[in-house]
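I opened this entry to keep track of what I looked up in the model. Short notes follow, one topic at a time.

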Amino acid sequence: MNALTHASTVMESLPAVRGSYEQDAALGQMTWFRTGGRAEVLFKPADEEDFIAFTRGLPPDIPVTIIGVGSNLLVRDGGVRGVVVRMGKAMAEITIQDDLISAGAGALGVTIAARAQEAGLAGLEFLKGVPGSVGGALRMNAGAYGCEVGDIFVEARAIDRGGQVHNLTHGEMEFAYRHTGVSEDHIFLSAVFRGQAADRREIAARMKGIMDAREQSQPLRTRTGGSTFKNPDIEDSGRKAWQLIDEAGCRGLTVGGAMVSEKHCNFLINTGDATAADLENLGDEVRSRVLESTGVALEWEIRRIGNKGAKLS
Ligand SMILES: Cc1cc2nc3c(=O)[nH]c(=O)nc-3n(C[C@H](O)[C@H](O)[C@H](O)COP(=O)(O)OP(=O)(O)OC[C@H]3O[C@@H](n4cnc5c(N)ncnc54)[C@H](O)[C@@H]3O)c2cc1C
């Protein structure tokens, strides 16, 4: 069966929804790297109820992959089998009551940071520097400038592959550095965060400080996926990932159209025509050079999904 026939077969077995299905969707173009393969089927739910009904009606043999806004994601050139779900604005409602901020999994961290500032709630400023969705931030325990999602987390709701909805406490999230212990088959639906009452101008000033620091140190406005590798345990290596990469002589290294950023060498950049394979091969080359020269095995932070293979246009 060729790829398009297989995708049509997947399409035919999907439950009726109020949102939209798109066959053979250009998924890689939806990521920050702006490259990579296609999704057999892309589903955009109309709202949370629609998404829950979809999950419950989905035949168990069809794989499902959730993505946020693709700021930490590399879609391999051979594309992704089954259904890829992108929640987007349909599940992005944000409400604030007292010191609690509730948000749908599709809401953007930057929007939450702005809303919290307007409401005079501090502690969420770091989200201004993380260009992802709530779902991605929960899965990655995203963090910056000494704060991470686990610090502001109150509770979350997630649905498993069997269609059961779970309320997750802080302990059940098992937060660790850029990681949560929650099963990969759980898809986050929403979360509640807590801020602390503070002066709006002071919060705004901290957010500006974060934006200025990012401007100085990160290759913003490029096709990148943020930090490529997790920082290793500082006690073992004594250095951050970028320092190890620099020490191994990888700053500016290229493979095809992929390049290690000159500005922040833990960032990989698509200089224009990189394939996902160029980016992954460059990351693997960096890993092996760092291992050889420093003895430290870097761990990928960027999530890689899909099949290796020829790039389908
Ligand atoms: C310029 C730049 C700067 C960055 N700076 C930082 C930083 O300072 N700190 C930091 O931590 N990260 C940073 N990142 C990385 C990225 O923004 C975060 O990891 C972010 O949390 C990813 O969110 P996303 O919506 O883009 O998720 P995606 O990249 O789309 O997906 C990431 C993972 O989350 C999973 N996921 C997404 N939604 C859900 C859901 N609803 N339920 C379950 N799983 C889900 C996906 O399956 C995937 O495994 C940066 C990225 C860029 C491009």
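**Helix α2**

I began with helix α2, residues 48-57, where Glu-48, Phe-51, Phe-54 and Thr-55 are buried. Seen down the axis of α2, these buried residues fall within an arc of 120°, so they line one face of the helix. I then checked the other side of α2 and found Glu-49 and Arg-56 exposed. The general rule is worth noting here: an α-helix has 3.6 residues a turn, so residues three or four places apart point the same way. I keep in mind that this is a predicted model.

**Domains**

Next I pulled the domain assignment of the protein. It gives domain 1 as 3-89, domain 2 as 92-202 and domain 3 as 221-305. I looked up one separation: the C-alpha centres of domain 2 and domain 3 lie 27 Å apart.

**Shell around the ligand**

How many residues surround the ligand? I get 31, and the closest are Gly-68, Gly-132, Gly-135, Gly-136 and Gly-226. The elements that give two or more residues to this shell are β3 (64-67), α4 (134-140), β9 (143-144), β15 (187-194) and β17 (223-227). Which element gives the most to the shell? It is α4, with five residues. I also sorted the shell by class: 15 residues are nonpolar, 14 are polar and two are charged.

**Five-stranded sheet**

I traced an open sheet of five strands. Its order is β6-β7-β15-β11-β12, and the pairing is antiparallel. β6 (94-97) and β12 (165-168) stand at the edges, each with a single partner strand, so one side of each has no neighbour in the sheet. On average, neighbouring strands of this sheet are turned by 15° against each other, direction ignored.

I took a look at one pair inside the sheet. Strand β7, residues 100-104, pairs with β15 in the antiparallel sense over five bridges. For Gly-104, the bridge partner in β15 is Ser-190. β15 also appears among the elements that give two or more residues to the ligand shell.

**Four-stranded sheet**

A second lookup gave an open sheet of four strands. The order is β17-β20-β19-β18, again with antiparallel pairing. The edge strands are β17 and β18 (254-255), and each pairs on one side only.

I went through the pairs. β17 and β20 are antiparallel over three bridges. The bridge partner of Arg-223 in β20 is Asn-270. Strand β19, residues 258-260, is joined to β20 by three bridges, and the two run antiparallel. Here Ala-258 stands opposite Asn-270 in β20. β19 and β20 form a hairpin, with six residues between them.

Then I checked burial along β20, residues 267-270. Which residues cover its two faces? Phe-267 and Ile-269 lie on one side, Leu-268 and Asn-270 on the other, and all are buried. In a regular strand the side chains alternate between the two faces of the sheet.

**Positive phi**

I searched for residues with an unusual backbone sign. Most residues other than glycine have a negative phi. Asp-24 has a positive phi of about 55° although it is not a glycine. Its place is in strand β1, residues 20-25. Is Asp-24 buried or exposed? Asp-24 is partly exposed, because 17 other C-beta atoms lie within 10 Å.

Arg-34 also turned up. It has a positive phi of about 55° and is not a glycine. I placed Arg-34 in the loop between β1 and β2 (39-44). Arg-34 is partly exposed, with 15 other C-beta atoms within 10 Å.

**Ser-8**

My last lookup was Ser-8. It lies in helix α1, residues 3-12. Ser-8 is partly exposed, because its count is 15 other C-beta atoms within 10 Å. I paired Ser-8 with Trp-300 for a distance. The two are 292 residues apart in sequence and 34 Å apart in space, C-alpha to C-alpha.

Key
Residues numbered from 1 in each chain as written. Predicted model: local features only at pLDDT ≥ 70, side-chain atom pairs only at ≥ 80, totals over all residues. Domains from an automatic or database assignment. Near = placed C-beta within 6 Å. Nonpolar A, V, L, I, M, F, W, Y, C, P; charged D, E, K, R; others polar. Pairing = 2+ DSSP bridges. Axes fitted to C-alpha atoms, helices over the stretch in contact; angles between N-to-C directions. Buried ≥ 20, exposed ≤ 12 C-beta atoms within 10 Å, placed from the backbone. Arc of directions from axis to C-beta.
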